[in-house]
Amino acid sequence: GLAEKAGRLLDESGEVALLFVDLDDFKTINDTLGHAVGDRLLVTVAGRLRAAAGPRDLVARFGGDEFAVLVHDRRDLDGTAHRLLDAVCTPVTIGEQTLLVRASIGAADADTGDDLDSLLRRADIALYEGKDRGKGTAVRYAPEMRTRLVETAEMGARLRDAIDAGELRLVYQPIVRIDDGRIVGAEALARWYLPDGTMVSPGEFIPVAERTG
C-alpha cells in the first residue's frame with residue numbers, strides 16, 4: 001500500500017511528503033502495563049492518525065510503535081505535522097488506566113527522482129534530530145541534519161578508540177571560596193588529548209558522549 005501509493009504519487013506530482021511518527025517511551029508502557037494495553041494504545045493512535053490526516057493521505061504502521069503518513073499535499077506540512085502530534089498526544093484511557101501519550105515526528109519533502117526509501121531516510125533523520133532536541137516534537141528535514149548525524153557517528157567512533165587508547169584524562173578544577181580565597185573543593189573533568197599533545201574541545205566530544213552513551 002504505502003510503497004505502491006508513494007511511487008504513484010511521486011511520479012504524478014512533486015507536492016508530496018512523508019511524516020514519520022514514533023511513540024515516545026512506548027516500551028515503558030509495554031513493560032509496566034503489558035502488551036495487551038500496548039496493543040490497544042497502538043490501535044487508538046492509528047485511529048487518531050487516520051482521523052487527523054487528510055482524506056487523500058495514507059497512514060501505515062511501520063514497525064512496533066512507528067507510523068508513516070504519506071501526505072498528498074505538502075503546502076501546509078508543518079501544520080499537518082503539528083495537527084497529527086496534537087491528536088496523538090491527547091491522553092488515552094484504557095480500562096482503568098489513563099495514559100499520557102507523547103510522540104515525535106520527522107517530516108521530509110519529496111524531491112525530484114525520490115523513492116519511498118529516500119523519503120523514509122530523510123524523515124528518520126529529522127525524527128532523530130527532534131528526539132535529540134527533546135521528545136514530543138515535530139521537525140522538518142534539512143540537509144545539515146544529515147551532516148550533523150554523520151559527524152556525530154564519526155566522532156563517536158573516534159571517542160570509542162580514544163577510550164581504548166587511554167587518551168582521556170581526568171583533570172581537577174579547583175572551587176575557590178570568594179571571601180578568603182581558600183580552595184574548598186574541586187570539579188573533576190574529562191579531557192581528551194590526542195597523541196600529538198593537542199586537545200579535542202570538550203564542546204565537541206562531551207555532547208557526542210552524552211548522545212551515544
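## Two sheets, their helices and their aromatic pairs

Leaving aside residues up to four places away in sequence, Thr-80 is in contact with Leu-19 and Val-71. That is a handy place to start a walk through this structure, which is a predicted model. Thr-80 sits in helix H4, residues 77-88. With a relative accessible area of 7%, Thr-80 is buried, because anything under 20% falls in that class.

**The five-stranded sheet**

Let's turn to the sheet that comes earlier in the sequence. Its 5 strands are arranged in the order E2-E3-E1-E6-E7, as an open sheet with mixed pairing. Strand E2 (58-61) and strand E7 (138-140) are the edge strands; each has a single partner strand, so one side of each lacks a neighbour in the sheet. From one strand to the next, the twist averages 20 degrees.

Strand E1 (residues 17-23) and strand E6 (residues 103-109) run antiparallel and are joined by 7 bridges. Here Ala-17 has Asp-109 in E6 as its bridge partner. Helix H3 (residues 35-52) packs on this sheet, where it touches E1, E2 and strand E3 (66-71). The direction of H3 makes about 10 degrees with that of E3.

Strand E3 deserves a visit of its own. E1 and E3 pair in the antiparallel sense, over 6 bridges, and Ala-17 stands opposite Val-71 in E3. E2 and E3 are also an antiparallel pair, with 4 bridges, and Leu-58 stands opposite Leu-70 in E3. The hairpin of E2 and E3 has 4 residues between the strands, and Gly-63 there takes a positive phi near 105 degrees. How many of the 6 residues of E3 are buried? The count is 5, so E3 is largely enclosed by the rest of the structure.

**A closer look at helix H3**

H3 has 18 residues, and from its first C-alpha to its last it reaches 25 Å, close to the 26 Å expected at 1.5 Å a residue. Its buried residues are Val-37, Gly-38, Leu-41, Leu-42, Val-45, Ala-46, Arg-48, Leu-49 and Ala-52. When you read that list, keep the helical repeat in mind: an α-helix has 3.6 residues a turn, so residues three or four places apart point the same way.

**The three-stranded sheet**

Further along the chain, 3 strands form an open, antiparallel sheet in the order E8-E9-E10. Strand E8 (168-176) and strand E10 (199-200) are at the edges; each has a single partner strand, so one side of each is left without a neighbour in the sheet. E8 and strand E9 (residues 183-193) pair over 9 bridges in the antiparallel sense. Within that pairing, Arg-169 stands opposite Arg-191 in E9. Helix H6 (residues 143-165) packs on this sheet and touches E8, E9 and E10. The direction of H6 makes about 110 degrees with that of E9.

**Aromatic rings**

The structure holds 2 aromatic pairs. In one of them, the ring centres of Phe-20 and Phe-62 are 5.7 Å apart and the planes stand at 80 degrees, so the pair is edge-to-face. Phe-20 belongs to strand E1 and Phe-62 to the loop between E2 and E3, so this pair ties together parts that are 42 residues apart in sequence. Are these two rings buried or exposed? Phe-20 is buried, at a relative accessible area of 5%, while Phe-62 counts as partly exposed at 32%.

Trp-192 and Phe-205 make an edge-to-face aromatic pair as well, with 5.6 Å centre to centre and 85 degrees between the planes. Trp-192 lies in strand E9 and Phe-205 in helix H7 (residues 202-212), so the pair ties together parts that are 13 residues apart in sequence. Trp-192 counts as buried at 1% relative accessibility, and Phe-205 is buried with a relative accessible area of 2%.

Arginines also lie over the faces of tyrosine rings, as listed here.

| Arginine | Ring | Distance from ring centre |
|---|---|---|
| Arg-122 | Tyr-141 | 5.9 Å |
| Arg-169 | Tyr-193 | 4.4 Å |

Arg-169 therefore appears in two settings, because it lies over the face of Tyr-193 and, by the pairing of DSSP bridges, stands opposite Arg-191 in E9.

Note on methods
Residues numbered from 1 in each chain as written. Predicted model: local features only at pLDDT ≥ 70, side-chain atom pairs only at ≥ 80, totals over all residues. Heavy atoms only, no water. Pairing = 2+ DSSP bridges. Helix = DSSP H or I, 4+ residues; strand = E, 2+ residues; numbered from the N terminus. Axes fitted to C-alpha atoms, helices over the stretch in contact; angles between N-to-C directions. Contact = heavy atoms within 4.5 Å. Buried < 20%, exposed > 50% of the residue type's maximum accessible area, 1.4 Å probe, protein only. Expected span 1.5 Å × (residues − 1). Phe/Tyr/Trp six-rings, centres within 6.5 Å; stacked < 30°, edge-to-face > 60°. Lys NZ or Arg CZ within 6 Å of the ring centre and 35° of its normal.
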